[in-house]
Structures are given as structure tokens and as C-alpha cells.
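Colleague: Please take me through the packing inside this one, slowly. I'd like to follow who touches whom, then what surrounds it.

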Amino acid sequence: MSRLILSLDQGTTSSRAVLFNERGEKVFAAQYEFPQYFPQAGWVEHEPLEILETQLQAVRDCLHAAIDHSAQITAIGVTNQRETTILWDKATGKPVGRAIVWQCRRTAEFCKTLEPYKDMIREKTGLILDPYFSGTKLRWMLDHIPGAREKAENGKLLFGTVDTWLIWNLTGGKVHATDVTNASRTMLFNIHTLEWDKELLELLDIPVCILPEVRPSSGNFGVTDAAFLSVPLPIYGCAGDQQAALFGQGCFAPGDVKNTYGTGGFLLMNTGDKPTVSRHGLLTTIGWSIGGKVTYALEGSVFVSGAAIKWLRDELGLLRSAEESETLAGSLTDNGGVYFVPAFVGLGTPYWDSGARGTITGLTRGTTRAHIARAALEAIAYQTADVLHAMEEDTASLGEIKVDGGASENGFLLQFQADLLGRRIVRPDNVEATAQGAAFLAGLASGMWRMEELPGMLGGHTAFEPRMTQPERDKLCSGWEDAVRRTRSESFM
Ligand code: ADP
């Protein structure tokens, strides 16, 4: 009987489950969307039981597919939307409220009160003080949900990011654990000592008894319980989605870089076995931990990437489909002087300007929808270039860039990206990097694969080589810089 690895890819808008065969090829995938809740401006919530139910449904589809393939699932890997915060009752398993999603800005005011500690937070966690991370979201729950603090202090509640919530449920409440990558996004975890940090827990007033045990990304996370799945399956891997994509893209060596073009954009670089501190607005994070060895990464985040194309399609009605942006952009010989900075929710790396707002500059009577579509695609590439340049300032060597995510389907975007960076861009034929990363981590721990075998399992790719001259590049970049200046909030002018 052939063997399969089941990867659970729990995302922000949908829960996916993907089966990989022994050669690391995808053989089946199932996906279910779940509702998003926006109770106030800037707030984003999920219902933890809806996350669980959609994930289980996708898993059940995979179990049936495995039977159809006469194959046996030998291990599960989990990857997940990061930072999203869940608190639940240890005895009943019921969440005490909705999950506070990574995008939610409700703790912005509270973060301001922590300003005096921002250097200490950065030094210990590698993170920039921001509502993005779990710590202040958990504090909000303890302060605002009636009875939560008392129950938490009496050890009656459990905290987890989405990985922990899924693993706890899948194992029938036996395993309350997370992995180092997810822990490194909580703002409570010391990335040097690899422990929950006492000083940070005191600062945020969070009882240590509600926190999960932190384990390596590739290793034992327990066995699924009969109440959830008819067959007991061991869970052998766990990592946050961007770290899983870094691993799934085969960025195993220091200097290897991947960029995901999804709703937002996430550029991560493997920086080896020592944390690199950025002087240019990048986050230091844990890439993975395997066999007692920790690999660190630098990360830059672009808040609006493919979402700018979705906005042109859904809000302005300028595009019939996301794909149409490629044809329209390619129908022009140049950008016609039009620049679009989609700073809808401020600017992330390297600007960290939450007051910036979007602009389109250089409009003339001759501007067409093709120019706007092209400007949106170019903006995705300029923002990535801004992050990459910050990364270059922080580190000596950068290799080629591997890409994935929905908008990486767009050939115009990737060619422009290669041109703008003067670097080769590589798009793997298998764009399931996130799910594949979790499968790799589980397959390593379960003995299906050895580390040396993984590079040979990455499959084919398409390369985009730079063709632009330096003067052309300089001219475009100065146009972009000018447009960015016009979006900045007053405090930065
Ligand atoms: P996520 O995982 O963040 O939900 P995906 O990786 O599925 O996102 O990517 C979806 C995003 O990519 C959407 O914002 C969509 O507008 C954009 N997108 C999808 N296809 C294309 C395309 N061919 N060209 C440009 N953008 C695209």
C-alpha cells in the first residue's frame, strides 16, 4: 500500500487539506471557506468552531480520497494563519469568545502604552511592537471577557494560536502544544532562550499556566482521537504558514529567499542558526526547528499585495477577473507615468506608517483602465522591492527569489519583478509551498523522508530573468518613491 502525508493548511479565509505522495507530489486537495466577522471598524474575528469544522470537513474528504487511492495516510502536518488568538475552556473545550484575527487592530491603543518597552520587546522577541501579534490580543480577552481572567488564573482556560487549537481538538484534548515558529509570533516568546519569557508575561499580565508547551516544528504532536477521525493518525509537523512556505520552497540554506504574493505579501529569508536583528524594519522570526537545530529568518510584510487587484475587480469594477490584469498591463509599452500606492491600511515594512493612505498619481486625460491595472501590478513589485532592499541592507548575501501565492500566476508581475530587482525570479510548478512545507516537516519526523532527499522533491519551475537597463530601473524607482512620499501620514512628511 502506498503511503501519503496529510497536510492541514488552515488559512485566513479557508481551511484546506492536501495529500502528498511519497515523491512529495500533491495527489488530492479539499478546501472550505468560513465566515469573517467585522464587528467594528478595524476589528476582525473568526469563530473557532467554524475553523475546526471546515478543517475537519477538508480532512474527511482527504480520508475518502486516500481510500480511493488505496493508500494509507502515515502522518499529519499542520500549518496555519499565524498570530490569530483563541482562548477556550479546558473542561468543556468551548471557546470563551471569537478568535481575534491577526489583521485585527483593536489593541492599537494598548500597544501605545507599551512604547517604553518596545526595545526590550524587539530584543527578546524579534518583533516590532504592533497589534498584529498575539500577546496584546490575549491580554484584551483576559481584560474584556467576563470571568476570563479569574478562570485563567485558576488554570481553567487554555490559550492557543490556530495550530494549538486544532492539535488540542484533534488529539481529544490530550496535547496542548505549539511549535517554535508559531510561538515566535506571540510577542511572549524569547527567540534566544526558546522559552516563554517571564518578564514579557509579567508586563502583559498573562498567567503562564494557560500557555501551550513549545515543541520543535518537526516532531511528535500526538495522535488524533477517535471522536474526531475514525482512524488514529500521528501528527508529526507544525509551522506557521509563511515559515512552512519557506521550508516548502526548499529555502534550506542561509540567504535563500521566498516571496508569497497572496492577499498581502510576505518575504522571508533563511538567516541560518543565529537570529539577525534588522536595522531596517524587518522582523526576526524562527524559520523552523528540526532535530534540535533552530533556523532563523528575517521577514518583511506588505499588507496589500494581490488584494489591490481584487479591489480593482470587486470595488471599482475595472477588471473582469484578476487574470485580466496581465493582458491589460501587457497591452501597454510603459506605465504612462501612473503610480498606484495601495496603502489602504497603512504601509508595513520598511515604512511602518499606519496613518498612510492609498493614492494614484500621474493621471492624465490619456490614462486608461489598462494603466491603472498595470500600476496595481507594478505596485505589488515595488513594495516587494522596498522590502528586499531593506533585507539587502541587513544581510550580506541574497540568493535567487522563489515565489508562490495567488498573484504569482501573473507572468507580467513576475517579469516586472525580475526587471525591477535585477534578479532571477523562480516560480515552482507546484505552487502548494505552504502545504508542502508542513508535509515535509511531518514526513521528516515520521521517517518517510530524510533531509537530503527534500531538494530532489521540489519539482520543475519557470524562471524570469531580468532584462531592464539600470537607467530605466532608476527612473521607475524614483517615480515610485515620489508616489510613496505622497501617501505618507503627516508625522512622516
Ligand atoms: P491568500 O492565501 O492570502 O488568501 P492567495 O494566495 O489565494 O491569497 O492569492 C489571492 C490573491 O491573489 C487575491 O488578492 C487576488 O486578487 C490575487 N490574484 C489571483 N490571481 C491573480 C492574477 N492572475 N494576477 C494578479 N493577482 C492575482
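Modeller: Let's call it a contact when heavy atoms come within 4.5 Å. This is a predicted model, so local features need pLDDT of at least 70 and side-chain atom pairs count only at pLDDT 80 or more, while totals for chains, interfaces and linings use all residues. Residues are numbered from 1 along each chain as its sequence is written, and side-chain values use heavy atoms, with hydrogens and water left out.

Start with Ile206. Leaving aside residues up to four places away in sequence, Ile206 touches Gly135, Leu138, Arg139, Leu142, Leu188, Leu201 and Leu211. Ile206 belongs to the largest nonpolar core (buried Ala, Val, Leu, Ile, Met, Phe, Trp, Tyr and Cys joined through side-chain atoms within 4.5 Å; buried is under 20% relative accessible area, exposed over 50%, partly exposed in between, with a 1.4 Å probe and protein chains only). That core has 65 residues, and Leu138, Ile206 and Leu211 touch the most other members. Its largest share, six residues, is supplied by helix α14, residues 433–445 (helices are DSSP H or I runs of at least four residues, strands E runs of at least two, numbered from the N terminus). There's also a second, separate core of 56 residues, with Leu282, Leu319, Ala375 and Met468 among its members.

Helix α6 (residues 162–170) is worth a stop too: nine of its nine residues are buried, so the rest of the structure largely encloses it. Among them are Trp165, Trp168 and Asp163. Just after α6, Gly172 takes a positive phi of about 65°. In helix α10 (residues 307–314), the buried residues are Ala308, Ile309 and Leu312. Their cover includes α11 (324–330), β18 (339–341) and α12 (369–394).

Now the sheet. Five strands make an open, mixed sheet, ordered β3-β2-β1-β5-β13 (strands pair if DSSP finds at least two bridges between them). β3 (26–33) and β13 (235–240) are the edges; each has a single partner strand, so one side of each has no neighbour in the sheet. From one strand to the next, the twist averages 20° (axes are fitted to C-alpha atoms, for helices over the stretch in contact, and angles run from 0 to 180 degrees between N-to-C directions). β2 (residues 14–20) runs antiparallel to β3, with seven bridges joining them; Ser15, for one, has Tyr32 in β3 as its bridge partner. Across β1 (2–10), β2, β3 and β5 (71–80) lies helix α1 (residues 48–68), at about 25° to β2.
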